[in-house]
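Reader: I am new to this structure and would like a close look at one part of it. Could you take me slowly through a single strand and what surrounds it?

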Amino acid sequence: MNAEELLSQAKESCKKRGARFTLAREQVFKLLTRHSGAVGAYDLLDELKLIDPAAKPATIYRALDFLSKQGFVHKIESLNSFVMCHHFSECNHPVQLLICDTCGHVEEIQSSNLDLALRSMADATGFTISHQIVEAHGACQTCS
C-alpha cells in the first residue's frame with residue numbers, strides 16, 4: 001500500500017473512532033511512511049523541522065503516542081524506534097517483528113500459533129496479556 005492509501009485509511013479509521021487526526025499527527029505519519037525500516041523519534045524530529053521549524057521533541061512524542069495507540073505504528077523497544085504498521089485495520093493484532101541487525105529492515109509477521117502459545121502460557125500462570133510485541137533479531141534474506 002502506498003503512503004496516500006495508508007494516510008486515507010488512517011484518516012478514515014480515526015473518523016470512525018472519533019479520534020482527531022491533527023496536522024502534526026498527519027505530518028509525522030507521512031514521515032513514517034517514507035521509511036521502510038525502524039526510525040528513531042529524534043530522526044523524525046529532524047525531518048519534521050524541515051516542514052515545521054518550531055517542532056519540538058514533545059511534538060514528535062505526542063504524535064507517536066497517538067499513532068501507536070491507534071495501531072498505525074509499532075514501537076520497537078529494543079531499538080527505541082518506530083515502524084509503520086501496514087495492516088492497521090486490525091489495530092489490536094499481536095505484533096511479531098523480524099529485525100535485521102545488519103541493514104535495519106523490519107518485517108512484521110503474524111503467527112496465530114505463536115500468539116496462541118504465548119496466551120496459553122500466560123493463562124496457565126494467571127497472567128492477562130494487554131499488549132504484545134515480539135521482537136526477533138537476526139539477518140534478513142538479503143544480508144544472510
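Author: What follows is an account of one strand, its partners and a pocket beside it in the lining list.

The model is predicted, so local features need pLDDT of at least 70 and side-chain atom pairs count only at pLDDT 80 or more, while totals for chains, interfaces and linings use all residues. Residues are numbered from 1 along each chain as its sequence is written, and side-chain values use heavy atoms, with hydrogens and water left out.

Strand β3 covers residues 95-100, where a strand is a DSSP run of E with at least two residues, numbered from the N terminus. Because 5 of its 6 residues are buried, β3 is largely enclosed by the rest of the structure; buried means under 20% relative accessible area with a 1.4 Å probe, protein chains only.

Two strands pair if DSSP finds at least two bridges between them. With β5 (residues 133-138), β3 pairs in the parallel sense over 6 bridges, and C100 has G138 as its bridge partner there. With β4 (residues 106-109), β3 runs antiparallel, joined by 4 bridges, and L97 is partnered by E108. The hairpin of β3 and β4 has 5 residues between the strands, and G104 takes a positive phi near 85 degrees in this hairpin.

L97 and E108 are also among the residues that line the second largest pocket, a pocket being an open set of points on a 1 Å grid over the protein atoms alone, where a 1.4 Å probe fits, with protein on both sides within 12 Å along at least five of seven lines, and lining residues having an atom within 4 Å of a point. β4 gives the most to this lining, with 3 residues.

Notes. Buried < 20%, exposed > 50% of the residue type's maximum accessible area, 1.4 Å probe, protein only.
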